[in-house]
Every structure is written in structure tokens, then in C-alpha cells.
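Reader: I've got a structure open on my screen and I'd like to work out how its pieces fit together. Can we go through it step by step?

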Amino acid sequence: MRLDAEFRFSALTAAECPQWNRFEIAFAGRSNVGKSSLLNALTRQRNLARVSKTPGRTRALNFFGVGEGLALVDLPGYGYAKMSRAEAGEIAHLIDWYLGQRQQLGGLVLLIDARRGPQEEEFMIARRFHEPAARLGRDAHLIVVAAKCDKLKRIDRGAALRRFEAMGTSPSFCSSLTGEGIEQLRREIVQFRCGVGTKP
């Protein structure tokens, strides 16, 4: 199963987002949860998304085209990045607009540290994604990823799963380092896209 992606656009504002007919699947998570590394692992491209040792370097919406009708969208991280309050507010506003207003958005991959479990920010992201779906007439398929699972001992996975129960869906354990869960997640994304037909 392949996800042949290429960088297409970077948007700092809603007006800069591409107006196209692609079905978008966004990737959201805290600044240090490894979104860029996961995107690179999913697409088997080491440098597709920029990976930095400093969390929070992604400040824009980055759009990657896949084939003719799909796009993967890397959202700015939230949480630990060092930035001014004004800049943090601008990024939060951009994420809120994208999740709540973007018509092309149909899927959200929400990365959560497997050792930490979902916190209030993750529940807010999930709600912001689901609530406008009926109003906008769009799909709202949420994929919860328990990221960095290589840092979690096997014996602790049962407890980790219980921390995710409040999300209402079972997480996919994934590791960009070991490759665990990457192929399964790739298949879920591709099969989901194939099953929903074309988006306006």
C-alpha cells in the first residue's frame, strides 16, 4: 500500500489555503508528538515533512498532494513550543478555523503520546472537528494514534488503552522509529479515502 505524496502549499492564513477538489486528511497533535516523523514514515519519504529537534517549528498549514484527489495536511503543533502569546494565539485561531470551517476536510489523524493519553486539548480538537460536520455536510472520520509506542513497555499497554477510553475509539499504536502500526495506519487512510467517493 502506497501514499506517494509531494509538498504543494504552505498556508499561514485561511486565505492562503488551496481551493481545490481534493479530500483532505489532517494530522494534529502536540508540538513534540512526532507528526512530521509519522508523515515521513507513512509516505516512505525521509524528508517530505521537515523534522526538527526543536518542537513547534511547524507554524503553518502544510499541504501534501497524494495522487489526483487526496491531500495530507500537517497542522501546527500545540503545547510545548516556545513562542509569544500573540503568535500562539494566531496559530490556535488558524487551527480552529481549519477544523471548523474547511469544507475539504474529511479525516483527522489525532496523534497522542501513548504514555500520556488524551488531555483536555485533545478532547477539544476532537470536538472542534466533529461538531461542524453535519452543518457543512462533510465527513468526519477520526483516527486516534497512540504515538511513540516504542517508549511504552508492553506490560503497560493495557493501562494506556484505558486512558484512551474516553475518546470513544480505540487508538492505533504507532511508532515512526520501529515502524509498528505504520502499515495498518497507511491502509486505513487509503481505504477510508477509497470508500467515501469524491468530495466537492
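Reader: In which sense do strand 2 and strand 4 pair?

Author: Keep in mind that this is a predicted model. Strand 2 covers residues 23-29 and strand 4 covers 70-74. Phe27 has Asp74 as its bridge partner in strand 4. There are 5 bridges between strand 2 and strand 4, and the sense of the pairing is parallel.

Reader: Which residue stands opposite Asp74 from strand 3?

Author: Strand 3 and strand 4 form a hairpin with 3 residues between them, and Gly67 in the turn has a positive phi of about 60°. The two strands pair in the antiparallel sense over 5 bridges. The residue opposite Asp74 is Asn62.

Reader: How many residues of strand 4 are buried?

Author: Let's take one face at a time. In a regular strand the side chains alternate between the two faces of the sheet. On one side of strand 4, Leu70, Leu72 and Asp74 are buried, and on the other side Ala71 and Val73 are buried too. That makes the buried count 5 of 5.

Reader: Which strands stand at the edges of the sheet?

Author: The open sheet has 7 strands in the order 1-3-4-2-5-6-7, with mixed pairing. Each edge strand has a single partner strand, so one side of it is left without a neighbour in the sheet; these are strand 1 (5-11) and strand 7 (172-173).

Reader: What is the bridge partner of Gly107 in strand 6?

Author: Strand 5 (residues 105-113) and strand 6 (residues 141-147) run parallel and are joined by 7 bridges. In strand 6, the partner of Gly107 is His141.

Reader: Why do the buried residues of helix 3 line one face?

Author: Helix 3 (residues 120-130) lies across strand 2, strand 5 and strand 6. Its buried residues include Glu122, Ile125, Ala126 and Phe129. Looking down the helix axis, the buried residues line one face because they fall within an arc of 95°.

Reader: Are helix 2 and helix 3 parallel or oblique to each other?

Author: Two packed helices are described by the angle between their axes and the distance between the axes. For helix 2 (residues 85-101) and helix 3, the axes are 7 Å apart and the angle is about 40°. The contact is made by Ile95, Asp96, Leu99, Gly100 and Gln101 of helix 2 with Ile125, Arg128 and Phe129 of helix 3. With that angle, helix 2 and helix 3 are therefore oblique.

Conventions. Residues numbered from 1 in each chain as written. Predicted model: local features only at pLDDT ≥ 70, side-chain atom pairs only at ≥ 80, totals over all residues. Heavy atoms only, no water. Pairing = 2+ DSSP bridges. Helix = DSSP H or I, 4+ residues; strand = E, 2+ residues; numbered from the N terminus. Contact = heavy atoms within 4.5 Å. Axes fitted to C-alpha atoms, helices over the stretch in contact; angles between N-to-C directions. Buried < 20%, exposed > 50% of the residue type's maximum accessible area, 1.4 Å probe, protein only. Arc of directions from axis to C-beta. Parallel < 35°, antiparallel > 145°, perpendicular 65-115°, else oblique.
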